Amino acid sequence: MGQRITMGEKVGYSLGDVAANLVFQMMMIYQLKFYTDIFGLDGAVAGTVLLIAPIASAFVDPFIGIITDRTNTRWGKYRPWLIWTAIPFCVFYVLAFWNPGIHDKTLVAVYATVSYLLLLTMYGFNNTPFASLGGVMTNDIQERTSINKVRFICTSVAQFVVQGFTLPLVDRFSNGDAAHGWVCTISLFAILALIFLFISFLSTHERIQPPPQQTMSVRDDVRETFTNVPWRVIFTLTLLLFIGLAMWGSSTNFYFQCYLDQEALGNFLQVFGFNLSATSAYTVGFSVFNTLNAVVQFMGVLFLSEYLANRFGKKTTFIVGLSLCAFFTAMFYLPSPSEVGLVYLLCLLKSLCYAPTIPLLWAMVADVADHVEYLNHRRATGFCFSGIIFALKSGMGIGGAIAGLILSVFGFVPGIGSLQSETAVWGIRLVSSLVPAMLFVMGVVTLCFYPITTYYNEKMQAELTHRRQMSQRSFKK
């Protein structure tokens with residue numbers, strides 16, 4: 001019999017990821033634009049920052065997994081890290097979006113790299129144990145899907161807030177100083193994140209423990225995880241997926257500002273009651289676009305993800321959803337600058353197809369952690385999840401770097417808004433459509449090699465439950 005989890009605990013756990021997504025969504029959508037518009041960095045330099053910091057911090061993640069697996073407190077292995085890291089995580093978040101007023105662009109790039117590296121390192125210390133916690137709350141495979149469904153319903157709210165309200169809040173707080181508007185907005189989000197992390201710690205419990213007779217061995221953790229086929233598939237999928245997501249998320253900002261016709265955008269928004277000038281059409285239009293994206297993903301996670309996964313299996317649901325997401329992402333290349341309605345329609349379709357896959361990735365990582373234990377009679381949940389966080393952060397860095405590099409190669413000039421050359425606009429179109437779509441297709445191909453089917457998973461969970469019961473009896477004797 002699987003362990004059932006109350007809705008209160010599911011929501012409490014989910015608030016930890018709301019906190020993380022108040023940071024993560026900002027990095028995915030606005031970090032590149034912040035570096036070009038506020039710091040005044042060239043696209044290639046900004047892309048280099050977005051590459052160096054995530055990959056450098058990602059190499060810390062496996063050690064985080066090893067440390068958290070060996071943490072033993074009365075609160076568990078993973079829960080305490082939510083509290084221990086909460087304050088520095090939020091402080092580094094603010095510093096990464098604070099303009100220190102440095103004029104030398106080399107020093108600005110150094111500050112951007114160091115502050116971003118500190119933020120991402122602390123993100124790893126916070127999010128690796130948080131993700132691992134989701135793998136030890138229950139052994140019930142349907143409950144895991146349910147936990148991650150609730151988790152990503154809640155994070156859709158964070159996505160909605162960050163993507164829909166960031167630019168309006170920056171404008172409201174600016175008073176003629178955009179840098180001031182950014183630091184005030186980020187400070188507000190950081191306070192909310194701090195509160196949510198404390199609630200998450202207080203609401204959750206760890207129920208799955210390593211086998212009592214298990215000996216701790218870093219060599220065995222590394223060997224058993226790295227040689228596990230499902231883990232390698234999920235690692236590769238996560239890397240490809242987040243390269244594509246980071247690229248698309250970073251570039252759609254420029255797509256709205258530099259490619260779409262601002263007058264046509266304003267006219268389209270008038271249908272929905274917005275009375276805008278051409279200069280404000282970008283800010284409101286992009287916020288509405290992101291809001292639509294967040295709302296549709298929220299509805300998709302709420303009504304489709306668990307239903308489709310339970311009926312067709314996680315693997316099949318993921319393959320079909322990501323395939324359709326790749327198709328509609330590629331279609332963003334087609335609209336002319338005046339076909340604003342088509343852009344919003346493509347956003348709706350892409351988000352609807354991607355939404356069911358969102359909770360499944362982390363549910364599948366928990367299944368992979370069980371698979372490692374199933375084969376080797378040893379459990380290393382933190383190390384298993386830390387490798388996936390490594391892939392996520394590396395993917396985010398590579399995706400942002402590729403976006404910045406392509407913009408620079410195609411002649412994008414920071415600080416001049418929509419006054420870009422035709423070549424630069426073409427580069428923006430490519431990095432907003434065809435290039436990320438190719439990454440999603442590669443992810444689909446990778447996922448075809450994932451061997452854990454629903455039947456296999458049920459058999460595996462039954463065997464693991466039996467083993468744990470027998471181990472506990474033997475250990476008590």
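Start with the hollow inside this predicted model: the largest cavity has a lining of 33 residues, and Phe24, Gln25, Phe242, Leu245 and Tyr354 are the ones nearest its centre. About 480 Å³ of space sits in there. Beyond that cavity, there are salt bridges to trace, a nonpolar patch on the surface, and a couple of residues with an unusual backbone angle.

**The cavities**

- Rolling a probe the size of a water molecule over the atoms is how you see where empty space is left.
- Searching the whole structure turns up four cavities of 30 Å³ or more.
- Which helices help build the lining of the largest cavity? At least two lining residues come from each of H1, H6 (105-135), H7, H10 (229-259), H12 (278-312), H14 (340-354) and H15.
- Sort that lining by class and you get 17 nonpolar, 13 polar and three charged residues.

**Salt bridges that link distant parts of the chain**

- How many salt bridges does the structure hold? There are 15 of them.
- Take Arg4 and Glu143 for a start: they form a salt bridge, and their closest N and O atoms are 3.6 Å apart.
- Arg4 is in the segment before helix H1 (7-37) while Glu143 is in helix H7 (residues 141-174), so this pair ties together parts that are 139 residues apart in sequence.
- Is each partner buried or exposed? Arg4 has 54% relative accessibility, so it counts as exposed because the cut-off is over 50%.
- Glu143 has a relative accessible area of 5%, so it is buried, which takes a value under 20%.
- Asp17 and Arg151 make another salt bridge, with 2.8 Å between the closest N and O atoms.
- That pair also links distant parts of the chain, with Asp17 in helix H1 and Arg151 in helix H7, 134 residues apart.
- Both Asp17 and Arg151 are buried.

**A salt-bridge network**

- Asp221 pairs up with Arg378 in a salt bridge whose closest N and O atoms are 3.1 Å apart.
- Here the link runs between distant parts of the chain again: Asp221 is in helix H9 (residues 218-226), and Arg378 is in the loop between helix H15 (358-376) and helix H16 (381-409), 157 residues apart.
- Asp221 and Arg378 are both buried.
- Which residues share a network of salt bridges with these two? Arg70, Asp220, Arg223 and Glu224 are linked with Asp221 and Arg378 in that network.

**A nonpolar patch on the surface**

- Ile87, Val91, Leu95 and Trp98 make a nonpolar surface patch of about 350 Å².
- To find the patch on the model, go to helix H5 (residues 86-96), where Ile87 sits.
- Ile87 has a relative accessibility of 53%, so it counts as exposed.

**Residues with a positive phi**

- Most residues other than glycine have a negative phi, so a positive value is worth a second look.
- Asn175 isn't a glycine, yet its phi is positive, at about 55°.
- Where is Asn175? You'll find Asn175 in the loop between H7 and helix H8 (178-203).
- With a relative accessible area of 72%, Asn175 is exposed.
- His377 isn't a glycine either, and its phi is positive at about 60°.
- His377 belongs to the loop between H15 and H16, and that loop also holds Arg378.
- The relative accessibility of His377 is 46%, so it counts as partly exposed, the class between under 20% and over 50%.

**Sequence distance and distance in space**

- How far apart are Glu373 and Gly395? They are 22 residues apart in sequence and 27 Å apart in space, going from C-alpha to C-alpha.
- Glu373 is part of helix H15, and at 4% relative accessibility it counts as buried.
- Now try Val435 and Ala326: 109 residues separate them in sequence, and their C-alpha atoms are 9.9 Å apart in space.
- Val435 lies in helix H18 (residues 434-447).
- The relative accessible area of Val435 is 17%, so this residue is buried, given that buried means under 20%.

Key
Residues are numbered from 1 along each chain as its sequence is written. This is a predicted model: local features need pLDDT of at least 70, side-chain atom pairs count only at pLDDT 80 or more; totals for chains, interfaces and linings use all residues. Side-chain values use heavy atoms; hydrogens and water are left out. A salt bridge is a side-chain nitrogen of Lys or Arg within 4 Å of a carboxyl oxygen of Asp or Glu. Helices (H or I, at least four residues) and strands (E, at least two) are DSSP runs, numbered from the N terminus. Buried means under 20% relative accessible area, exposed over 50%, partly exposed in between (1.4 Å probe, protein chains only). Patches are made of residues with over 30% relative accessible area and no salt bridge: like charges are joined within 9 Å, nonpolar side chains (Val, Leu, Ile, Met, Phe, Trp, Tyr) within 5 Å. Accessible areas come from the Shrake-Rupley method with a 1.4 Å probe; for residues, only the protein chains shown count as cover. On a 1 Å grid over the protein atoms alone, a cavity is a set of points where a 1.4 Å probe fits but cannot get out, and a pocket is an open set with protein on both sides within 12 Å along at least five of seven lines; lining residues have an atom within 4 Å of a point. Grid points are joined across faces, edges and corners, and a volume is the space filled by probe spheres set on the points. Ala, Val, Leu, Ile, Met, Phe, Trp, Tyr, Cys and Pro count as nonpolar, Asp, Glu, Lys and Arg as charged, and the others, Gly among them, as polar.
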